[in-house]
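Hi there,

Here is the structure I promised to pass on. My notes on it follow below.

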Amino acid sequence: YGFINTCLKSLVVEKYGEETWEKLRLQAGAQDSFLTFEVYKDEITMQLVDKACKMLGVPADMVLREFGEYFFEFCKRSGYDHMLRTLGGNLYEFIENLDALHSYLSLSYQAIFFLFVFPQEMNAPSFRVEKNEDGSMHLHYYSDRRGLCHIVPGIIGAAALDFFNIEISMEIVNQTEEEERTGKKEHIVFLVTQNPVFSYKERNKFSSSPQHLADSEKQIENQLNKEDLEKAKNTIRDRGSSVCPVKKSHWKTLRGIITLGKGKLLRGFVPVYPKSLWIDTKTFCNGLPFHMVFDKELRVKQAGVSIQKIVPGLQTMGICLDHYFSIVHPEVPFTISSIQKFINSQFVFQTRREMMPESWKKRPMLELRGQMIWMESLQCMLYLCSPLLRTLHELEERQMHIADIAPHDVTRDLILLNQQRLAEMELSNQLERKKEELRILSKHLEEEKKKTEALLYAMLPQHVANQLKEGKQVEAGEFKECTILFSDVVTFTNICAQCEPIQIVLMLNSMYLQFDRLTTVHDVYKVETIGDAYMVVGGVPVPVPTHAERVANFALGMIIAAKGVQNPVSGNPIQIRVGIHTGPVLAGVVGEKMPRYCLFGDTVNIASRMESHGVPSKIHLSSSAYQCLKYKNFEMTERGEIEVKGKGKMHTYFLIRNKTATENEIMGRP
């Protein structure tokens, strides 16, 4: 069930982080989340465990033991705490009743799948425990799933420490293919030894005084004796005052305690049995309508009236029980020795179709669930049971009624309560599915949001885009010094006149993709492209002292990149002109529909003039750009004075190369 895989995911996320879980599930080919009542293939869980071992470099037994410990805590957090605590007053009783807990859970889980999806067995492991004379125990673990036995020490150890305040050690003493049980593939026997857990002070005191434990036990016993005696005295005093207010002496009070018929107050309960059984056979068979008594040869000696009504063959005393029933749980051979071995387990019998009356053969077979009690004096086995019915639907399918079940049998209440609980669990299941759908939608929405933001950040600087998303007005900013670059394609007009439009688009796209990558390499901001013109700036929108060097390296990369783009007319590499100028600008967002981050000022005009007055395949620098690069390991040559439109005569330069950077570094190649 998804509950197991959800627990495994929670463990990995909590201990190793979300990223580790993501890698683990991708390697295992598993989904990201699991529905509690959904059935998943065992291979998914096994793959997750296997990949976790390899990824974390931890042996499988350690991973499974840690998972067992975490699974116990996960069950507690999931609302099973009180259910687990009430299984037994000590570890032996706790383990002994685990099968009963699985049987109870299977009622709900199987009923849900029967009603809403399809019949599905819970297929839980089984446990059998044996006490040893030295206080240790042998725990027998049976499972259809191989290789998961190391989970058991984790779960049992965590339960022992939490519920009973004892530390235990568990070691495998036997591991065999199961022969006795017909359905389970693995039979592991653990030796369980118990040690009490002391606090730090108790441990020190114990180590300093060997007699401390014995003395403390006597003190506790004496204290309990005093407390119980005092309670008993108070009870007698209260009863005495209400019935006969006569003052009694201390010894009379003690004698009163003994003669009240309360049994032993301090040292356990001793039952009292009547000399003869005060119930006749007819009343017994009517009062317990679903019981059976059989001997060592499985011959039926006695049966309740309701089971006789359903299986008329039982009215013939002495017939063999295994002719009419098969054992569904535990999966053992139908022999008295096997039943005695698993006598502490709940037994589920199912009627055999071929032995049922004709009217029953088209109905689902009846299952009985109950306990086995060995009667030594009679050398017979008593099977006290009830119909195993989960829902009203199952009751109707077998054409049975609530009245067929004894009034004292809680099965009547369980069917009705379970019907209500199933409706609640189906609602919970639907909510869980909706939650999962919402989670997936939310994940997709987040992915789309990231795409939208990436597109927005490609159009506007990130801090500007964030301000616009928040509905704030973006103030124009003045930058005292930045470096602006313009470029265009030489003879672009002639190329356009001689080519198809699609060829122009493909050429520009090929060139601009390389230029865009270079903006990331050299961390400059792409302002815009208009036709064949490409504009970038360094030092805007984030001021940096190396703005000129960044733009210069970007320009060198452009010249190299352009050599790889083919002129669709001549087939030769295209040529570009590049112009660079350094100076102050004003920057801000213009417009509401398709807003653009634009630069204003004379610096923009001069940079554009540097490009238009440039030379093909050359990088044209203004004197201010030259001054910024003069002592920065760049090789430059003087062009001299030229006439610039609208600016008169200007002294300009050409950028040749970066003296310290290789071509691969300029192009951002490894």
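**What I found**

The chain has an average pLDDT of 81, and 84% of the residues score at least 70; pLDDT is the predictor's confidence in each residue, from 0 to 100. This is a predicted model, so local features need pLDDT of at least 70 and side-chain atom pairs count only at pLDDT 80 or more, while totals for chains, interfaces and linings use all residues. Residues are numbered from 1 along each chain as its sequence is written, and side-chain values use heavy atoms, with hydrogens and water left out.

Two stretches need care. Over residues 199–221 pLDDT stays under 50, and the model has 6 contacts there beyond four places in sequence (contact means heavy atoms within 4.5 Å). Residues 235–248 also stay under 50, with 10 such contacts. Where pLDDT is low, the predicted coordinates should not be read in detail.

Now to the inside. The largest nonpolar core (buried Ala, Val, Leu, Ile, Met, Phe, Trp, Tyr and Cys residues joined through side-chain atoms within 4.5 Å; buried means under 20% relative accessible area, with a 1.4 Å probe and protein chains only) has 52 residues. Helix α4, residues 60–85, gives the most to this core, with 9 residues; helices are DSSP runs of H or I, at least four residues, numbered from the N terminus. Leu139 is among the residues with the most contacts inside the core. Beyond four places in sequence, Leu139 touches residues including Ile95, Phe127, Ile156 and Phe190. A second, separate core has 42 residues, among them Ala552 and Tyr626.

Best wishes

Notes:
Buried < 20%, exposed > 50% of the residue type's maximum accessible area, 1.4 Å probe, protein only. Helix = DSSP H or I, 4+ residues; strand = E, 2+ residues; numbered from the N terminus.
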